[in-house]
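Visitor: Please take one part of this fold and go through it closely. Keep it brisk, and tell me what each term means.

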Amino acid sequence: MIKIPYLTALSTYFSYGLLFAFGQFRDFFRKIFDSWHSSNLQGYAPICLGLEDFYIRRLYLRIQDCFGRPISSSPGAWFDVVERYSNDNNKTLKRTTKVTRCLNLGSYNYLGFAAADEYCTPRVIETLKKFSPSTCSPRVDGGTTILHNELEVCVANFVGKPAAIVFGMGYVTNSAILPVLIGKGGLIISDSLNHNSIVNGARGSGATVRVFQHNTPSHLEEVLRQQIAEGQPRTHRPWKKIIVIVEGIYSMEGELCKLPEIVAICKKYKAYVYLDEAHSIGAVGKTGRGVCELLGVDTADVDIMMGTFTKSFGSCGGYIAGSKELIQYLKYTCPAHLYATSISPPAAQQIISSIKVILGEDGSSRGAQKLARIRENSNFFRSELQKMGFEVLGDNDSPVMPIMLYNPAKIPAFSRECLKQNVAVVTVAFPATPLLLARARICISASHTKEDLLKALEVFVLVNMNFVSITVISQVGDLVGIKYFPAESDKQHQEPGALKLE
């Protein structure tokens, strides 16, 4: 539950209303002027039509320089951002040859494996020489190498499941698997803030979809009880199967799933648990095994475990782990396995090598050090932001930290001011979030050293390139006006009035 101060909510509504009104005004005159010119598409229906197209033209294009910024280096703790310019009020952006060295607070490089690594990189290069960049074939044809088999065994052992299957794309892992697992006559109960890949997979399955309030086990039980009592629509027959889908760490909220309570409810009502660990696997838990390890949940109680290799492992692709019967069934039926090109061999080697580092099988303690560092960095950074008066979502130990912006004018202001100070942040707005709940999403990495963070707090006005970003964000927060709460020393004066939004 997010509490918005009434004044903030009012100003945000007013800003969007103003943008909408002026946009409609401009569209009216655009239609008049366009009617004077002949078109080769007379008689055709508009290919781009609706509020989404209006939003892109009248809102998004004004600030598109804040999104999709190209980089020209590996996404480590610091990276090179390519400078761009526009001659037509941001309708098109052109790249220059200039780059700016910026602190990276946007990439999912949780354990720092995205940059060159002393153990992983040499093995990836050798794999590239031996196997080439791509298999150019699906797994069932000529796309299975010894690395793919080794990777599946490695992943299954790492997450604590009997078997696993890997895919070349994380998004497809959800969107292609769910229609195979369940269909007409089945029931999917999904968290209201689940990722778009889950939403599209659920829609494509043909199953009935119901949602429960975000991370609220009591409402999940209420929905389960009601749906079991009512049965299938029209016929009221019992459901063929029920799957409850949750995420380990919610990517836009930074919150940990209340997994123990959800698992207990699913056991009570005989529903399967599908856990998406895209942002939690490798990043949390004593040995990096995700929310099950962190929250003390037996992996045997989670029926389907999904995760991606694009965050903590510095690679690409995704996996499904479960029983041997489930994985064998998926290998026979899943289109992402049967028809899509298999994961790149160098990418597979990167995952295998990074897991070995995490587990200490490389002969060092670097994996344990990375896990300890990301936990310390995340908790320290979150604590300091909250002390400065920012509204920061999420839980301790989570490396994802959304800072609430709300007002549409503050989205580009925050992003551009941070970039001026050589800090690259990701801002997120509609449709990735509800219209009123725009935010900046900070992602912390183990490659951000504690010493850098401490030095950043000592900087007063300008930030040297050797320092990190907390002071920069504090200065920009004061300038843009997104410190919605008093600083720690002034909390007794906090405004009581607030509007709650789910």
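Guide: Buried means under 20% relative accessible area, exposed over 50%, partly exposed in between (1.4 Å probe, protein chains only). At 17%, Cys 154 therefore counts as buried. The model is predicted: local features need pLDDT of at least 70 and side-chain atom pairs 80 or more, while totals for chains, interfaces and linings use all residues. Numbering starts from 1 along each chain as its sequence is written, and side-chain values use heavy atoms, without hydrogens or water.

Now the sheet. Seven strands (DSSP E runs of at least two residues, numbered from the N terminus) form an open sheet with mixed pairing. Their order is 4-10-9-8-7-5-6. Two strands pair if DSSP finds at least two bridges between them. Strand 4 (163–167) and strand 6 (208–212) are at the edges. Each has a single partner strand, so one side of each has no neighbour in the sheet. From one strand to the next, the twist averages 20°.

Take one pair inside that order. Strand 5 (residues 187–191) and strand 7 (residues 242–247) run parallel, joined by four bridges. Leu 187 sits opposite Ile 242 of strand 7.

Helices (DSSP H or I runs of at least four residues) pack here too. Helix 6 (residues 196–205) packs on the sheet and touches strand 5, strand 6, strand 7 and strand 8 (272–276). The direction of helix 6 makes about 165° with that of strand 5. Such angles run from 0 to 180 degrees between N-to-C directions, with axes fitted to C-alpha atoms, for helices over the stretch in contact.

Helix 4 (residues 146–159) lies across strand 4, strand 9 (304–308) and strand 10 (318–322). Helix 4 runs at about 125° to strand 4.

Look at one residue of helix 4: Glu 152. Glu 152 has 5% relative accessibility, so it counts as buried. Leaving out residues up to four places away in sequence, Glu 152 touches Arg 139, Ala 164, Ile 165, Val 166 and Lys 331. Contact here means heavy atoms within 4.5 Å. The side chains of Glu 152 and Arg 139 also make a polar contact, at 2.9 Å. That term covers N or O pairs within 3.5 Å; within protein, one atom must be able to donate a hydrogen and the other to accept it, and residues adjacent in sequence count only if both atoms are side-chain atoms.

Back to the cysteines. The whole structure has zero disulfides (cysteine sulfur pairs within 2.5 Å). For Cys 154, the closest cysteine sulfur is in Cys 120, 11 Å away, too far for a bond. Cys 102 is buried at 0%. The sulfur of Cys 102 is 10 Å from the closest cysteine sulfur, in Cys 418, so that pair is too far apart to bond.
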